[in-house]
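Work through the exercises below with the sequence and the model open. Each task is followed by a solution in steps.

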Amino acid sequence: MLKQIIPLGVAIALVGCGSSSDSDSSESVAVSEIATSSSVSFYVSNWQSPQGTLNVLDGDGVVQESIEVENINTASVSVTPLTFNSFEFIPSDTALPCPRFTGCGRTVRGDVNDLNANRLIDYQELTAVTLNYKADAFSAPGVNTVYLSPLSKAITDEGFSATQASLSATPFYHLTHSNLNASVEAEMVTNAFTYAAILAGVADSSFSVESAFNAFTNLETDQQAWQDYSDLAAQYVTDNLFSDQGNALLQNVAGQVKQTIASVTTFKNWQARSTEVQSLDSRELLVDTRNIIGAARLQEKSYSDELDAKFAELESAFDEDTQRTLDALTNALNEVITNYSPLADGSTPSGQYKLRDLDIDYSQSPYTWAITGTYDDLPITIDLSIPTFRVSGVLGNKIEGVMSATVTNGATVLSVDVSELLIQFDGIDAQSELNPEADTGITQVTTNVIINKAAGKLEGDLSLNLNRFVNSLGEESTTLSTFDFNGDYVSDIQDTAFHITAVEASPFIGEDNDDLAFTFELDFPLSGASDFKFAYVGDVENLSELTSTDIFVSIKNRALDLRIRDVSGNINLIAKGENGRWLDVKQKGRNYSGGLYFGDTKLADVTAVRGIPGVLFPNGEFESLF
């Protein structure tokens, strides 16, 4: 599998690669005669009034320029290339409307913002929340875009680098060389972190993004404020995807947005950002590219066997045997509760029951089930307790409880310990003509999962939400709105941390869960690269191919965004490095083309010399790619 995990279509195609040129790769190349310029444009979420004051600060925090702008989202400033600056936006109108389609909750009687006097802050009614905006950025040559949010301010004020947390070569709030999808993704992430700040502020007037972030990064005991903020940021994705009023552009980047939010809000290794002076003619991107490919797959193939073995084990942890155990657990629960609970037709008294090969001990007040036996030929044990079991045609049905269960399938043993089980239905009939598009239910599960395999053990915390609603055709649909699985896989050959997320990107189109966007973030310690990290967004079935996809890798705390496209054997690789450097390599047969860039400035050409692909600088020096 790992033969394709890095842009190895390129590495394999470029067989016979030689070493770099004789000169020291850390030396600069004399191209300083190239003239450059830099500009910065901005984005602030549309809930915020765009008129105000833009302050440009230098690396020491001293205001260099203060500009009154009519619209921050159309403003642009010129800055000195290759410098670090901070940008602060102070809006003239601090009022912020409720951004959630279902409203922002109750308010006191007589609240001036409650325009319809229903004692609720409805969608687009004003709130009492005010926000601050700031972000630091390195000015690459050409056009830069800075995305301002309360979280970018908190990170900037602490002096942290957000590159690794963003799973990107640049922070989630800064783009240099970009495309439409990258811009939309950055906007949606900014919206999510702003949305969460507004909702958290409405729920608790003392809430502060800065305080919550500081408690999180300082590993303080009470991190509830940060957890609430993180959950609300993730909720932005669901609210938009599961509403006809949502931003339709989000569907195309839903996986990337969800992955970035999940990574930023769970990242632990925050480090001070570097303000080291950057040289236009540095070869650092070539060094980073060689380090990454060297760790994964070169002509020496020094680590390919190691990585292949680790990925084979990880794939087996999610194989058909594991899927059967999950199916058996969910189907058994559904059938038992349907037949032996207040949901069953007629009154089902407490007692002992037999359901094919399952023995069921059912009791009431509180409702408990002790289930043992086999289901679909698999041994199964379930202990379920539901203190709250409400059945109401007016208020809706509500199930709340805890559960532990074990399912065995040969050498595969699934163990779950559900700490939070919540199932709600709002009482609206699926075929109601009064409100055919209403949400009719939601399921929330938080559980610890252990999957024991013959080769090793996968353990982590799983949380998921299922939404049940009636679509525009009057059909009932249940889709996955949130899925987060965070844990470790341990065996004789690896101890790999993973973070897997998923979301239904198009809930109103097609069948249930037919457009799941999966994201994978894996920490792969290797014998020659102890901090190797890999991240991917896409169809789970294409994870092992990656011939045409976008991935993120890092090694030695250096980040690379890699975009690889393989069309009929013709390969195009774009590697984006830190501070706006990027490399474009096109291979067609034995011909190579492309260039090495810094922002919009081309520094060198990609070509082949004596069959060896590499970069040819204007002064005649040649540096091989591998």
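Helices are DSSP runs of H or I with at least four residues, strands are DSSP runs of E with at least two, and both are numbered from the N terminus. In these terms D319 sits in the loop between α9 (304-317) and α10 (320-339). The model is a predicted one.

**Exercise 1. The chain as a whole**

Task: State how many helices and strands the chain has, and what share of its residues is buried.

Solution. Step 1: the count gives 10 helices and 30 strands. Step 2: of the 626 residues in the chain, 53% are buried. Step 3: take the contacts between residues at least 6 apart in sequence; 57% of these join residues at least 24 apart.

**Exercise 2. Two loop residues**

Task: Decide whether S49 is buried or exposed, and classify D319 by its relative accessibility.

Solution. Step 1: S49 belongs to the loop between β1 (38-44) and β2 (52-57). Step 2: the cut-off for buried is under 20% relative accessible area. The value for S49 is 19%, so S49 is buried. Step 3: leaving out residues up to four places away in sequence, S49 touches F89, P91 and D93. Step 4: D319 has a relative accessibility of 24% and therefore counts as partly exposed. Step 5: D319 and T412 are 93 residues apart in sequence, and their C-alpha atoms are 9.8 Å apart in space.

**Exercise 3. The disulfide**

Task: Find which residues the disulfide joins and derive its handedness from the S-S torsion.

Solution. Step 1: searching the whole structure yields one disulfide. Step 2: its partners are C98 and C104, with an S to S distance of 2.2 Å. This meets the cut-off of 2.5 Å for a pair of cysteine sulfur atoms. Step 3: the torsion about the S-S bond of C98 and C104 is about 95°, so the disulfide is right-handed. Step 4: C98 is buried at a relative accessible area of 1%, and C104 is buried at 8%.

**Exercise 4. An antiparallel sheet and its helix**

Task: Give the strand order of the open antiparallel sheet, name its edge strands, and place α2 against the sheet.

Solution. Step 1: the four strands are ordered β3-β2-β5-β8, and the pairing is antiparallel. Step 2: β3 (63-69) and β8 (133-138) each have a single partner strand, so they stand at the edges and one side of each lacks a neighbour in the sheet. Step 3: from one strand to the next, the twist averages 20°. Step 4: β5 (residues 84-91) is joined to β8 by six bridges; E88 has K134 in β8 as its bridge partner. Step 5: α2 packs on the sheet, where it touches β5 and β8, and its direction makes about 60° with that of β8. Step 6: seven of the nine residues of α2 (residues 150-158) are buried, so the helix is largely enclosed by the rest of the structure. Among the buried residues are L151, A154 and I155. Step 7: G159 follows α2 and has a positive phi, near 75°.

**Exercise 5. A mixed sheet**

Task: Identify the edge strands of the open sheet with mixed pairing and the helix that lies across β1, β9 and β10.

Solution. Step 1: the strand order is β4-β1-β9-β10. Step 2: β4 (76-79) and β10 (174-175) pair on one side only, which makes them the edge strands. Step 3: seven bridges hold β1 and β9 (residues 142-148) in parallel pairing, with Y43 opposite Y147 in β9. Step 4: the helix is α4 (residues 180-203), and it runs at about 25° to β9.

**Exercise 6. Length and bend of α6**

Task: Compare the expected span of α6 with the distance between its end C-alpha atoms, and locate the bend.

Solution. Step 1: α6 (residues 224-241) has 18 residues, and at 1.5 Å a residue it should span 26 Å. Step 2: the end C-alpha atoms are 26 Å apart, which agrees. Step 3: the helix bends by about 25° at Q235. Step 4: the buried residues of α6 include W226, Y229, L232, A233 and Y236.

**Exercise 7. A hairpin**

Task: Describe the pairing of β11 with β12 and the turn between them.

Solution. Step 1: β11 (residues 351-355) and β12 (residues 358-363) are antiparallel, with five bridges. Step 2: Q352 has D361 in β12 as its bridge partner. Step 3: two residues separate the strands of this hairpin, and R356 in the turn has a positive phi of about 50°.

Conventions. Residues numbered from 1 in each chain as written. Predicted model: local features only at pLDDT ≥ 70, side-chain atom pairs only at ≥ 80, totals over all residues. Heavy atoms only, no water. Buried < 20%, exposed > 50% of the residue type's maximum accessible area, 1.4 Å probe, protein only. Pairing = 2+ DSSP bridges. Axes fitted to C-alpha atoms, helices over the stretch in contact; angles between N-to-C directions. Contact = heavy atoms within 4.5 Å. Expected span 1.5 Å × (residues − 1). Bend = angle between axes of the 7 residues up to and from the residue.
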